Amino acid sequence: MTGFSVETPEAAGDAMHGLMRRLFPICRSLTGEGVRETFRILRELGPLETHEVPSGTQVLDWIVPDEWNIRDAYVADEAGNRVIDFRKNNLHVVGYSEPVDATLSLDELRPHLHSLPDQPDAIPYLTSYYARRWGFCLRHPDLEALKPGSYRAVIDSTLEPGSLTYADWVIPGESDAEVLLATNVCHPSMANNELSGPVTLLALGLWLQSLPERRYTYRLAFLPETIGAVAYLDRHLDHLKAKVVAGYQVICTGGPDDFTYLLSRDGNTLADRAALNVLAHDGRPYRVLDHTRRASDERQWCSPGAGLPVGSLMRSKYHDYAEYHTSLDDLDFVRPEHLAAVFDVYCKVLRTLEMNRTWKSTLRAGEPQLGRRGLYPSMGGRNHLDADVEALSAVLGYADGQMDMIAIADAHGRSAVSLAPAVEKLYATGLIREEK
Amino acid sequence: MTGFSVETPEAAGDAMHGLMRRLFPICRSLTGEGVRETFRILRELGPLETHEVPSGTQVLDWIVPDEWNIRDAYVADEAGNRVIDFRKNNLHVVGYSEPVDATLSLDELRPHLHSLPDQPDAIPYLTSYYARRWGFCLRHPDLEALKPGSYRAVIDSTLEPGSLTYADWVIPGESDAEVLLATNVCHPSMANNELSGPVTLLALGLWLQSLPERRYTYRLAFLPETIGAVAYLDRHLDHLKAKVVAGYQVICTGGPDDFTYLLSRDGNTLADRAALNVLAHDGRPYRVLDHTRRASDERQWCSPGAGLPVGSLMRSKYHDYAEYHTSLDDLDFVRPEHLAAVFDVYCKVLRTLEMNRTWKSTLRAGEPQLGRRGLYPSMGGRNHLDADVEALSAVLGYADGQMDMIAIADAHGRSAVSLAPAVEKLYATGLIREEK
Amino acid sequence: MTGFSVETPEAAGDAMHGLMRRLFPICRSLTGEGVRETFRILRELGPLETHEVPSGTQVLDWIVPDEWNIRDAYVADEAGNRVIDFRKNNLHVVGYSEPVDATLSLDELRPHLHSLPDQPDAIPYLTSYYARRWGFCLRHPDLEALKPGSYRAVIDSTLEPGSLTYADWVIPGESDAEVLLATNVCHPSMANNELSGPVTLLALGLWLQSLPERRYTYRLAFLPETIGAVAYLDRHLDHLKAKVVAGYQVICTGGPDDFTYLLSRDGNTLADRAALNVLAHDGRPYRVLDHTRRASDERQWCSPGAGLPVGSLMRSKYHDYAEYHTSLDDLDFVRPEHLAAVFDVYCKVLRTLEMNRTWKSTLRAGEPQLGRRGLYPSMGGRNHLDADVEALSAVLGYADGQMDMIAIADAHGRSAVSLAPAVEKLYATGLIREEK
C-alpha cells in the first residue's frame, strides 16, 4: 500500500479512511486470525512489532482466554436458505460463540437470537468473551419475520488454546521519557468504535516518525480491549510507571460529533493540561468529561496500581451516539474530514508536549533590552505592543524556572504552541535557558 | 415513659415531639432545678450521666455563676389581680432575675418591663445571667394596657451558690476516636430554640445504641449554652483535641424552614464533608453558611485553642426566624415531621462517617476480572453498565489508599452511602483492603 | 511652596493638582534638565534624595543612554513662520530627537512628521530613546494644511554623555521590612500618564511622614520608566529582594475612569491581598486585571530574577483611554477629586498593611468572658449582636496565630481596617498577642 500521506491533516484523513475501507471487513475479536490479519496490513505501513501471549497465561488479575476463530456461521430454514448469514456481516454472530451445529425449533432457537426492537435497522454487536455460549444477532424485523418451524444453526468456530495478539511501536526521541498512545484492535466490522482508533494511531506514528527531531520517546500500543491492556501492563508496568509522562487512549476518532476530552484520574496531569490548552484555542467545539465517565482502557492505565497520566481525546464517544456497537457504525458514519480534524488536534497536542519545557531567564533581574537585539520597536508611542513583542514579553515575564510553557500560556489565555517562535528567539539570543 | 421508637424517622419524630410536650413547661435556665428535672426525665430514656460544677469555679476564662431558682413571680395591680403571671408562661420573667418584692408606681415599674412593639403577640425571652437585675417580659398590648397606679412586683427567686448541671452520654465503638454531638438545655419554654436539640440528640443516642456495631465512639453532651460548653472544654480539652474526628452542634432542629448547614471554621473538615455529601444527594432544600455566621457553642468548640471540627445542621436557625426567642417558638411551630427529617439526615451523616474508610486495591495494577467473581455481566453489548457495576467501578478505579469514600463519592457526584454495597462486595472478595 | 496639605483626601487632591499645574510645562524625558528641575520642585516639599547614573553605565542588561536636552525646536515655512513650535507644546518634538537644522521640501520633511488621523485634535507623544532619529508631532489637520514648499526644520537639542537622574525617599518605620512605592518622572507635558504619579507619591510620602508611628519602612522611588527601574534594581536588588514585603507602582492616578488594580505576577501577594480587601469594601467601582496586562515598571519589579510583590492601583490605565499619550491628557482630564479618591484608597491600603498583623488568642481555649470586661451586653435577647461585638467575635474566633487580619477580614466579607478597633481592645485587655 502506498500513498499514506500525513503531510496535511486532509491528506491524513483521506489515507486513514482508505485504510479503514481495507480493514473494515475483517472479523476481529479479542484473539484470533482477524487481529493478526489486521496487524499484517498495518505493518505494510509502519514497523509495528507483534507479540503473542498464550492462552491460560495469568496477566495481573486476569487469565488470557482461549483463542477464537470462526470460518462460517448461519441459521438456515427448512429449505436450506440462510436466514442469518455471517458472510454478509460478521456482527451476525455473538463474539466468541462456541461451535454449534444443531437443528432446533424456533422456540428453542429464540433464546440465542438478539435484536434491537428500538433500532430496527441495526444489527447489534454482542460478545461473550468469558462465558461459553453461542448466539446470533440480527435486525429486529428479520427476527420477527422468522416463522415457526425447524432451523439449523451452525457456527463453525474454534475456541481453543492459542494466544492473544497485540502490537506496539516505539519511536525513540532524545529522552527516554515516554508518551503512551494506545488504541484497540478487537472490534469486528464497526468504524468509529473501533477502527478509527488504529488508523489514527498509525497516522500519528507516521507523523511522529517524520519529525526531524523528537524530545520524547513515543510508545504506540495496539491492543485488544481490557485483556490486551492488562497484559501490556503486566509486561511493562514498572517501565511505564517510571517513564510515561503523558498518554492518550486514541479511540472513537471518526464520528461526526463535537470533540470530547476525557480527563485522567488526577484531572490535572500533563496529558490533561496539554490537551485542554490546545482545545481551548483551537476553535472547534468540545466538552470535557471527568474521569468518572471513563469506559475504555483508561480503566487500566489509570487504575490505582498503575496511576498513569492518560486521558482520551475523542469525537463520537462510546455510549453517547445512537450507532454505537451496531452495524450502523459504518464507513458512512466515519468520514475522512472527521479523522483529519482529530489528527490535526492530536498533532497539536503532541507538539505542545514537545515544546512544553520550563525556561528560566538568564538575567540577574529585569527585562532584557530587546531593542538592542532587534526584537523591540525603536519608536515608542501610544499603540499596544504587536503580537510578537507580546509573546516575547509573556515568556520573559514568567520564565522563572518553575512555570512550564503550558502554565505560562494558560496564564495568558493563549495556546502554548503560539509562544514557540518567541521561545526560539529568546533561546537563540541566550536570554533563557532550560530549567530541568 | 415507654414507646420512644427510633426504628423509622417518622416514629422518632413522633417520639421526639411527645417528649417535647412533656419537657416544654419546665422552667430551665443556665443553672437550677429546671435543668435537673429535665435530665431526670431524659434519664428515663437513656443512660445520661449528670455532672455538677460548683458556683464560683473557674472554667477556662469564665466563672460559674450562682445557681438560680424561681418559685413564683408576678406583677399585681392595686386590686391584687396578677397582670403578669410567671405561672402562665415562664418567659414572663427575665431569666436570672434577682428576688424582689416591691410596690412601685407604673413609672417606676416601667424600666423593668420588656415587650416587642413590632410583634404584639409575642412575649420576648430575655436573660441577664452575668449582671444583677430583675424584670418582666410581656406582650406589647398588655404593657400598653397598664394604667397608672400602684403595682406590686414579686419575684420569688434565689440566686445563691449552688452548681451548674450538665450531662453526657458516651456510646463506645470499635475505635476510641470520637464523634462529638452537643446540644443546649438552658432554654425555658421554647420549642425550636431550644427543646428540639435535646430531644433530637436523645433520639440519635438511642439510634446509635441500637446499631449492631459502631466504628466510632460517640460523645453526646447536653449543656447549658456557653458556660456549659466552656466548662466541658475545661474538663475535657486535651481528650477532645486528641480524639474528636468530627462533631455537630445539634440545635434548632424542629422548625419548618429549609435545612441550614453551618460550616466548621476550617470549612472542609470531616464533619463538613460528611454533612455536605449527604445534603447534596438527599433531595431536601438546604443552604450552607460559613463559620462566620456561627452563634451557638461552635464558638467554643471551634475557638482557636480548641479547633474542633464541629459543624451544625439545623432547620430554622437562631436569628433567622420571626418566632426566635419569643413565646411564639412553641409546640405548634415545631412539628414531628420536621424533627423526623432532621433525624433522618443526621442518621445518614453518621452512617457516612461510619463507612468513610480509605480503601486500597489489593491488585498490583489494572482492574480485577469481576466476571470471574460473578460481579460483572458475562455478555458485553451496547448498554451502559448497571448501577451495581458502576458503583464497583467507582470504588475500584479510585481506591488508591488516599481518597476516602466521601472523596470518591464527591468525585462521582453521588452519596458515599450509596457506595457501601460495592465496598462490601469488594472487601468480601479481597479486592480491597483498608488503608489506615 | 507652602500649603501642601494631606490632612484630608480633598485637601491632598487640591494640593496635588496645584503641584501638577506647576510641573506640567516642564519638558521631562528619560534624562536631562527637565527631570532635574522636576526634582528641585519636589524637594521643596519632601526630602527626596537625587542620584545620577552616568551615560554608558551598564545596569543589568541595559546601557544608560546619553543625556538629552533641548532648548528649542520648530518647523518654519519659507516666510519664517513657525508652523510647528516646540515652545507651544513640548509634545511637538519626538522625544530624544537628535539635533537638526535643515531646509527640506515638504516631501523630504514628511517622513519626520507624525499625527493621528483618527484623533485630529491630538498631538501624539512619541519617543525614540534607543535609536537616533528626529521628528515632529502635530495635529493631523495642521499636517494636512502644510503646502508644498521649502521648510526649515530646527531642533536645538543635545544628545551627549551625561547622566540619568532619579530620586528616592526612605521613610523609616519600626521594622526594616519595606513597602516599595514607585512612580515615573520621564513624561513631558501629559497629566494622567504621567504627572499624576509623582504628585500622588509625594502626597503619600508626606502622609506617611505625618503618621505618629509606622510599622514598616517606606521606600518611595521616582524613576524614569524602564531604564530608571532597571538602574534602581541594579543598585538595590539584593536589598529589595530581602526587605520588600509589598509594593505598588503609583501611576495613572488622575483620570476619570473607574479604578483598576493590576495584580502582581503571583496574584496573591500581600500587595494584592491588601489592595483587594480595601477595594472590595470601599464602595468605588473597580476592576482587577491579571499581571499579563502589565506594561509599566511592574515588568521590572516582578521580573523572574526580582520577583517583588508589586501591584498597581490606577484610575485611567495606560492604553485604555483615548487621551493616552497625546496632548489631550492634560490638566482638564485630571481632576483634583480623582486624585483625592486615589490618595484616599492608597492610604487605606497602607493602613491595611500597617495593621495586618497575625494575632493569637492568649486563652487555652474557648471564648473569653467579654461581659466581665465590659465588652459584651449584659442582657441577652433576640437581637443580633451589634457591630462592635461582631468585630470582637470575628477576631477572637479566628485569631489562631496563622490567619493574618486580611485573611480574617476576607473570611468575614469586610475590610481589615474595620477590625482595627476590636484588635486594639483585645490587645489592651491581653486577650490576644502577636504571633511573629
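Analyst: Let's start with a term: a salt bridge is a side-chain nitrogen of Lys or Arg within 4 Å of a carboxyl oxygen of Asp or Glu. This is a predicted model, where local features need pLDDT of at least 70, side-chain atom pairs need 80 or more, and totals for chains, interfaces and linings use all residues. Residues count from 1 along each chain as written, chains are lettered from A and ligands numbered from 1 in the order written, and side-chain values use heavy atoms, without hydrogens and water.

User: Thanks! Which residue of chain A forms a salt bridge with Asp238(C)?

Analyst: Chain A and chain C have five salt bridges between them. In the one that involves Asp238(C), the closest N and O atoms are 3.9 Å apart. The partner on chain A is Arg364(A).

User: Which helix gives the largest share of the side of chain A that touches chain C?

Analyst: Contact (heavy atoms within 4.5 Å) joins 25 residues of chain A to 39 residues of chain C. Four residues on chain A's side come from one helix, spanning residues 387-398. Helices (H or I, at least four residues) and strands (E, at least two) are DSSP runs numbered from the N terminus. By that numbering, the answer is helix 10 of chain A.

User: What kind of axis relates chain A and chain C?

Analyst: The copies are superposed by least squares on C-alpha atoms with pLDDT of at least 70 in both. Chain A lands on chain C with an RMSD of 0.1 Å after a rotation of 120° and 0.0 Å of shift along the axis. The two copies are thus related as by a three-fold rotation axis.

User: And which residue of chain A comes closest to that rotation axis?

Analyst: Look for the C-alpha of chain A that lies 12 Å from the axis. That residue is Asn268(A).

User: How much area do chain A and chain B bury between them?

Analyst: A turn of 120° with a shift of 0.2 Å along the axis lays chain A on chain B, at an RMSD of 0.1 Å. Here 39 residues of chain A contact 25 residues of chain B. Buried area is the accessible area (1.4 Å probe) lost when two parts are put together, summed over both. With 49% of it on carbon and sulfur atoms, the total is about 2,600 Å².

User: Which residue of chain B meets Arg265(A) in a salt bridge?

Analyst: Four salt bridges cross the interface of chain A and chain B. In this one, the N to O distance is 3.2 Å. The residue facing Arg265(A) is Asp400(B).

User: How are the rings of Tyr96(B) and Tyr129(B) arranged?

Analyst: Rings of Phe, Tyr and Trp (its six-membered ring) pair with centres within 6.5 Å; planes under 30 degrees apart are stacked, over 60 edge-to-face and the rest tilted. The whole structure holds 30 aromatic pairs over all chains. The centres of Tyr96(B) and Tyr129(B) are 5.4 Å apart and their planes are at 90°, so the pair is edge-to-face.

User: How many residues apart are Tyr96(B) and Tyr129(B)?

Analyst: Tyr96(B) sits in the loop between strand 5 (82-85) and strand 6 (100-105) of chain B. Tyr129(B) sits in the loop between strand 7 (113-114) and strand 8 (136-137) of chain B. The pair links distant parts of the chain, 33 residues apart.

User: Last one: what separates the C-alpha atoms of Leu331(C) and Met20(C)?

Analyst: Leu331(C) lies in the loop between strand 16 (310-314) and helix 9 (336-355) of chain C. Residues that Leu331(C) touches include His17(C), Met20(C) and Phe24(C). Although Leu331(C) and Met20(C) are 311 residues apart along the chain, their C-alpha atoms are separated by 7.9 Å.

Methods: Lists of a residue's contacts leave out its neighbours within four places in sequence.
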